[in-house]
Amino acid sequence: MIEVRGLGKSYIGQDGGVVQALQDVDLTVADNEFLTVLGPSGCGKTTLLKAIAGLIPWNEGDIFIDGSPVRGPGPERSMVFQNFALLPWATVLENVAFGLQMRGVGKTERIERARALIETVGLGEFETKRPGELSGGMQQRVGIARALAVQPSVLLMDEPFGAVDEQTRRLLQEELLSIWEEHRLTVVFITHSMEEAVLLGDRVVLMSARPGRISEIVPVPLTRPRSSDVGALERSGKYVEITAYLWDRLRDMHEERRPAKAGR
Amino acid sequence: MSAPAAARRRLPRRRVPAGPISLLAGAIVWELIGHLAGASFFPPLSTVIGRLAGMVTSGEIFASLADSLLNLVLGFAVSLAGGLLVGVAMGRFRKVEAALGVYVYALLTAPSLVFAPIFFSLLGEGRGSIVAVVVMYAMFVMIINTASAIQSVPGHLVEMARSYGASETQILLRVMLPAAAPMIMAGVRLGVGRAVTGMINGEMFIAVVGLGRIVTQAGGRFDGAGVLAILLVIIAVALGAVALVQAVDRKITGWVPQTSRGH
Ligand SMILES: Nc1ncnc2c1ncn2[C@@H]1O[C@H](COP(=O)(O)OP(=O)(O)OP(=O)(O)O)[C@@H](O)[C@H]1O
Ligand SMILES: [Mg+2]
């Protein structure tokens, strides 16, 4: 379980001004829940995820994973990055095994575990290739395999499919759903896309900007498993209704920030 | 292998061998000017090569060459170790950079030979002084390249490593050094050329030994062919050293995409 209590985080900008990236964020993510986070650009989604990952310090509040406070990165969490963050000099196998290597897993074991995950994401024949020889979608498959290789119970994903084309993105969404259905992980998944948020999530966290806070949490009562028939799901009334609702809310947020209406 | 890669590999065979043709043209021009000018300090290439052959058959060149190569190797090794160590420290720690940066830049731009008398008085006329001159020539460019290579390692890779609990040592060895390797090697290539210059200058100005001694003596006799013969040897040494560095470079940085290396 992830618990975020009264989280506040401000950055000092380059001009010396203070940017309040997060304020009073309270959030509980249940075990094996798939939580998606949606919000306008700059509302603090990445900041929230990096705080949970233990990669950045914050100013107020606490974060607990299964009851123990987050003080830095931990073995139960792993992260998938928007820009993949693969080592360009290392092969697919070495990249997938990287997290295990950092955690001191011996060579034979880490190669074995990495191979199994490379199979899971369908990159078996590309084991010896380097990232530069792979398409964007394949690179993110490597990123996902690397994150899963350390057998996390919490998977943190920051717009993982934001940099791949539409068709690949749909394939990756389906693959992620079936991986999650099989492995039962707690996932926090950041996205810009309402459709993606609804398709994947058990609940959608809507964030608003300046300061970044949670404005609403929208449950997604769509049946699971969803990976088998994504098409039918997207045509269902519920799906359409929830995405339309999310867009209404997001549009309100954007309009509040439009200068023309600022005088109201 | 993919089709474009195969094509790229076949291409050079069809292309004109630019290197050898350029060398041949240079040799012809040298030979012609040498004959036309008739000046004793600029003999034609054939005379110079004859003189070089004489030095080789008499064996007088080998002891000097070995002497010089030892100076070069020692000086370069010290420069490489110092360059990596100081460069990494400057690249990683802002305080170290603030403290040392001004000295490194000052010594990079200062004419390295002005330190020769200082080394001479401190270390005497022996090998130590020459090695010190080589280090003055070669080390600073490697420090600066290494420091900026470390500074330009993508932050997201370091963050990724941190997210897997990597220690500072692991981050340095597994992320920063490999990511910085292409730029560090560029500095090493520059450094090796400067080391050869330092070697000759040190040998000519401090302790008249090695190839520098032969140049100095030939110069004193107004023996133009002798000076140029040694120049050819020095160029060969420099090219050999650079080729060695390039071979190592290709081993280390083979992952850098072909397209970003030029042709
Ligand atoms: N290192 C930093 N220094 C200063 N300000 C920062 C820094 N990182 C983020 N910010 C600011 O904090 C706010 C939240 O940033 P964050 O990256 O968390 O937003 P985001 O919701 O992930 O945006 P996007 O959807 O564009 O990725 C923004 O206003 C941003 O400018
Ligand atoms: Mg972001």
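Helices and strands here are DSSP runs, numbered from the N terminus. The model is predicted. Work through the exercises in order.

**Exercise 1. Find the loop that holds A:P211, and give the peptide bond that joins A:R210 and A:P211.**

Step 1: Place the residue. A:P211 sits in the loop between β9 (203-208) and β10 (213-219) of chain A.
Step 2: Read omega. The value is about -10° for the bond from A:R210 to A:P211.
Step 3: Assign the bond. The A:R210 to A:P211 peptide is cis.

**Exercise 2. Treat A:P225 in the manner of Exercise 1: which loop, and which peptide bond with A:R224?**

Step 1: A:P225 belongs to the loop between β10 and α7 (230-235) of chain A.
Step 2: Omega between A:R224 and A:P225 is about -10°, and the bond is cis.

**Exercise 3. State the sign of phi at A:F84 and locate the residue.**

Step 1: Phi is positive at A:F84, about 70°, although the residue is not a glycine.
Step 2: A:F84 lies in the loop between β6 (77-80) and α2 (92-102) of chain A.

**Exercise 4. Describe the shell of ligand 1, its polar contacts and its burial.**

Step 1: List the shell. Around ligand 1 stand A:Y11, A:V19, A:A21, A:S41, A:G42, A:C43, A:G44, A:K45, A:T46, A:T47, A:E159 and A:H192.
Step 2: Sort by class. Four are nonpolar, six polar and two charged.
Step 3: Check the oxygen contacts of the ligand. A polar contact needs N or O atoms within 3.5 Å. A polar backbone atom of A:G44 is 3.0 Å from a ligand oxygen. For A:T46, an N or O atom of the side chain is 2.7 Å from an oxygen of ligand 1. For A:T47, a polar side-chain atom is 2.5 Å from a ligand oxygen.
Step 4: Quantify burial. Ligand 1 alone exposes 630 Å², and the protein buries 64% of that.
Step 5: Map the shell to elements. In chain A, β2 (18-29) and α1 (45-53) each give two or more residues. The largest share, three residues, is from α1(A).

**Exercise 5. Classify the ring pair of A:F34 and A:W180.**

Step 1: Choose the descriptors. An aromatic pair is described by the distance of the centres and the angle of the planes.
Step 2: Insert the values. The ring centres of A:F34 and A:W180 are 5.5 Å apart, with planes at 75°.
Step 3: Apply the cut-off. Planes over 60 degrees apart count as edge-to-face. The A:F34 and A:W180 pair is therefore edge-to-face.
Step 4: Place the partners. A:F34 is in strand β3 (residues 34-38) and A:W180 in helix α5 (residues 166-183), both of chain A. The two are 146 residues apart, and their pair links distant parts of the chain.
Step 5: Add the total. Over all chains, the structure has five aromatic pairs.

**Exercise 6. Summarise chain B, then test the length of its helix α5 (residues 94-109).**

Step 1: Count elements. Chain B has eleven helices and zero strands.
Step 2: Take the extent. The C-alpha trace of chain B spans about 70 × 60 × 30 Å along its principal axes.
Step 3: Predict the span. Helix α5 of chain B has 16 residues, so at 1.5 Å a residue the expected value is 22 Å.
Step 4: Compare. The end C-alpha atoms are 22 Å apart, which agrees.
Step 5: Look for a bend. α5(B) has a kink of about 45°, centred on B:L100.

Key. Residues numbered from 1 in each chain as written. Chains lettered and ligands numbered in written order. Predicted model: local features only at pLDDT ≥ 70, side-chain atom pairs only at ≥ 80, totals over all residues. Heavy atoms only, no water. Helix = DSSP H or I, 4+ residues; strand = E, 2+ residues; numbered from the N terminus. Expected span 1.5 Å × (residues − 1). Bend = angle between axes of the 7 residues up to and from the residue. Near = heavy atom within 4 Å. Polar contact = N/O pair within 3.5 Å; in protein donor to acceptor, adjacent residues only side chain to side chain. Areas by Shrake-Rupley, 256 points an atom, 1.4 Å probe, with all protein chains shown as cover. Nonpolar A, V, L, I, M, F, W, Y, C, P; charged D, E, K, R; others polar. Phe/Tyr/Trp six-rings, centres within 6.5 Å; stacked < 30°, edge-to-face > 60°.
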